[in-house]
Amino acid sequence: MNSSDDAKTEFAKRLNDALTEKGYQKRGSAQRLKREAGFNISDRAINKWLKAETLPDHHNIELLAKFLGVNFNWLAAGQGEKTPKPNREDLMQKIKDIENRNKGGSHPVPEGTTSARMSGSSGMVPILSWVAAGSWSNVEPVTFEDAIGEAPKPPNLSKLGFALRVQGQSMLPEFKPGEVIYVEPQTGFLALKDSDLVIVQCNDDKEATFKQLVLGETSDDMYLRPLNPNWPEQRMVPMSECNLVGKVVGKYVEY
C-alpha cells in the first residue's frame, strides 16, 4: 500500500467514525449525507470517500467538517483536536436561542436528529466529551461552557445533570454508538444497586467509561462489565479502582 492509499484509508476511517458519532448507519449514509449536507455530487462519489477509494477536494472537506461539527485539519489530515471547542459567545447565543424556543412552548430537537419525542422535558442540558466527563467534579456544576452539544432535559435530571454520546460497541444492543445518554452526578456510591448503569473514571484514564455495575458480597467483589455479550472482556475493571462520575438515568430516543 502506497502513501496515497494510506491517506485515503485514514481519511475514510475518520469520516466514518464522525458519521457514526452523528448517528449515521453505514447503509444508506451516502444518500443521507448528500441530502442533509447539500453536496452537489453523486451518491457514488460520496461512497468512494467512505470506502477509501478517493479523497474529496478541499471544498468538500470543508463542507463535511462544518456539517459533522469537527475541525477541518483533523478531518483532512488527522491533525489537532477532533472537535472544536465552542467559544463563550457562541454558547451564550445558543442558550439564548434555546430559551426563546422554550418560551414558545416547543421542544427543541437535538442537532443530528430528524424527529424525536421527549415528554415533560424542560430546557436543555450540555452534552459533554468523555474527557470532560472523566475530569468532572461535583464541586462545580456542569455548564454549557463545557459542552460539545446539547440535548433536551428530561424531568428526572437535576440541574447538575448532563449528557454523553455513546462511543464504541461494548454496550450494544441497548446502547448504540452515537445515542445520547443522560447522567445524574448527584448519586451517592451507597445508593447504587446491582446492575445499575454507571459512568466512571478509572485509574489514570483521561476519559470516562460507560459500564454496568455488578455488586458482590463485599466491596472487593464489585466490578464493571459491558452489556454486549460478545464483548471479549466480560469482567472488566474492579469498581474499587474507579471514581464514580454518575448514574445513567435514561437516553434520548428517536421515533
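**Group meeting talk: a sheet and three backbone details**

Hi everyone, let's start with the sheet: eight strands make up an open one, with mixed pairing, and they run in the order S2-S1-S3-S4-S8-S5-S6-S7. At its edges stand strand S2, residues 147-152, and strand S7, residues 223-225; each has a single partner strand, so one side of each is left without a neighbour in the sheet. From one strand to the next, the twist averages 45°. Please keep in mind that this is a predicted model.

As a general reminder, strands of a sheet pair through backbone hydrogen bonds, either parallel or antiparallel. Which sense do we have for S5 and S8? Those two pair in the antiparallel sense, over five bridges, with S8 covering residues 242-251. If you want a spot to click on, Val 198 stands opposite Lys 247 in S8.

Now to the loops. Between strand S3 (162-165) and strand S4 (180-184) there is a loop that holds Pro 173. The peptide bond joining Leu 172 and Pro 173 is cis, with omega at about 0°.

Next, where does Ser 195 sit? You'll find Ser 195 in the loop between S4 and strand S5 (197-202). Ser 195 is not a glycine, yet its phi is positive, about 80°. Ser 195 counts as partly exposed, at 32% relative accessibility.

Ala 52 is not a glycine either, and has a positive phi of about 65°. Its loop lies between helix H3 (43-50) and helix H4 (58-68). Is Ala 52 buried or partly exposed? The relative accessible area of Ala 52 is 22%, and buried would mean under 20%, so Ala 52 is partly exposed.

Thanks for listening, everyone!

Notes:
Residues are numbered from 1 along each chain as its sequence is written. This is a predicted model: local features need pLDDT of at least 70, side-chain atom pairs count only at pLDDT 80 or more; totals for chains, interfaces and linings use all residues. Side-chain values use heavy atoms; hydrogens and water are left out. Helices (H or I, at least four residues) and strands (E, at least two) are DSSP runs, numbered from the N terminus. Buried means under 20% relative accessible area, exposed over 50%, partly exposed in between (1.4 Å probe, protein chains only). Two strands pair if DSSP finds at least two bridges between them. Axes are lines fitted to C-alpha atoms, for helices over the stretch in contact, and angles run from 0 to 180 degrees between N-to-C directions.
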